[in-house]
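Subject: Structure handover

Hi,

Here is the structure I said I'd pass on. Have it open while you read, and the notes underneath should be easy to follow.

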Amino acid sequence: MITFLRIFAYLCIWTTPLQVAIVVWGIVIVATTDYGILSLTGIEFFTYYLQFFMVYIDWAYTWFWNPYLDFVIAIPIIFTTAIKVVFSTWLGFWILGRMK
């Protein structure tokens, strides 16, 4: 179990640059297009900029509650990814700190 937690903590920390890149990408899209910070939602971002993820989103709609997914995907991508950056990095460092 300790090995799993250590791998999970490092995964949380190592994905931080990727998540920061998505936040910066979202800010660039907002700055260069007609999208606003609140109008660039997750579904808009995936539909127009990361189309290969649409297969997984469509699959998720077959397994999960559709109104819940509509709500989650309709949240602005910049806010959700920024929150995930802070939380996953904190969680990774917290797990590693507890394992010493």
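Below is what I found in it, going from the overall fold down to single residues.

**The overall picture**

First, bear in mind that this is a predicted model. The protein has six helices and zero strands, so along the sequence the pattern reads α-α-α-α-α-α. Its C-alpha atoms fill a box of roughly 50 × 35 × 20 Å along the principal axes. Of the 100 residues, 30% count as buried. If you take the contacts with a separation of 6 or more, 67% of them are between residues 24 or more positions apart.

**Helix 1 against helix 6**

Two packed helices are described by the angle between their axes and the distance between the axes. For helix 1 (residues 2-14) and helix 6 (residues 77-98), the axes come within 7 Å and cross at roughly 145°. The crossing is left-handed. On the helix 1 side, the contact is made by L5, R6, F8, A9, Y10, C12 and I13. Helix 6 contributes S88, T89, L91, G92, F93, I95 and L96. Sorted by class, that contact has 10 nonpolar, three polar and one charged residues.

**The nonpolar cores**

Which residues make up the largest nonpolar core? There are eight of them: V23, I29, V30, L40, F45, L50, I77 and I78. Helix 2 (16-32) and helix 6 each supply at least two of these residues, and the largest share, three residues, comes from helix 2. There is also a second, separate core of six residues, and A9, C12, I13 and L91 are among them. Those four also appear in the list of residues where helix 1 meets helix 6.

**Residues between helix 2 and helix 6**

A few residues are worth clicking on here.

- V23, from the largest core, touches I78, T81 and A82, leaving out residues up to four places away in sequence.
- I78 is found in helix 6 and counts as buried because its relative accessibility is 9%, under the 20% cut-off. Leaving aside neighbours within four places in sequence, I78 is in contact with V23, G26, I27 and V30. For a sense of distance, the C-alpha atoms of I78 and I2 are separated by 33 Å, with their positions 76 residues apart along the chain.
- T81 also lies in helix 6. T81 is buried, with a relative accessible area of 3%. Apart from residues up to four places away in sequence, T81 touches Q19, I22 and V23.
- T16 lies in helix 2 and counts as buried at 15% relative accessibility. With the same exclusion of residues up to four places away, T16 touches V85 and T89.

**Helix 4, one face in and one face out**

How are the buried residues of helix 4 (54-63) arranged around its axis? The residues in question are M54, I57 and A60. Seen down the helix axis, they fall within an arc of 115°, so they line one face of helix 4. The general background is that an α-helix has 3.6 residues a turn, so residues three or four places apart point the same way. The buried residues of helix 4 pack against helix 3 and helix 5 (66-73). On the other side of helix 4, V55, Y56, T62 and W63 are exposed.

D58 is in helix 4 too, and counts as partly exposed because its relative accessibility is 46%, which falls between the 20% and 50% cut-offs. D58 and V72 are 14 residues apart in sequence and 14 Å apart in space, C-alpha to C-alpha.

**The loop before helix 4**

Is Q51 buried or exposed? Q51 sits in the loop between helix 3 (42-48) and helix 4, and is exposed because its relative accessible area is 55%, over the 50% cut-off. Its C-alpha atom is 21 Å from that of A82, which is 31 residues away along the chain.

That's everything from my side. Shout if you'd like to go through any of it together.

Cheers

Technical notes. Residues are numbered from 1 along each chain as its sequence is written. This is a predicted model: local features need pLDDT of at least 70, side-chain atom pairs count only at pLDDT 80 or more; totals for chains, interfaces and linings use all residues. Side-chain values use heavy atoms; hydrogens and water are left out. Helices (H or I, at least four residues) and strands (E, at least two) are DSSP runs, numbered from the N terminus. Buried means under 20% relative accessible area, exposed over 50%, partly exposed in between (1.4 Å probe, protein chains only). The arc is that of the directions from the helix axis to the C-beta atoms. Contact means heavy atoms within 4.5 Å. Axes are lines fitted to C-alpha atoms, for helices over the stretch in contact, and angles run from 0 to 180 degrees between N-to-C directions. A crossing is left-handed if the near helix is turned anticlockwise from the far one by less than a right angle, and right-handed if clockwise. Ala, Val, Leu, Ile, Met, Phe, Trp, Tyr, Cys and Pro count as nonpolar, Asp, Glu, Lys and Arg as charged, and the others, Gly among them, as polar. A nonpolar core is a set of buried Ala, Val, Leu, Ile, Met, Phe, Trp, Tyr and Cys residues joined through side-chain atoms within 4.5 Å.
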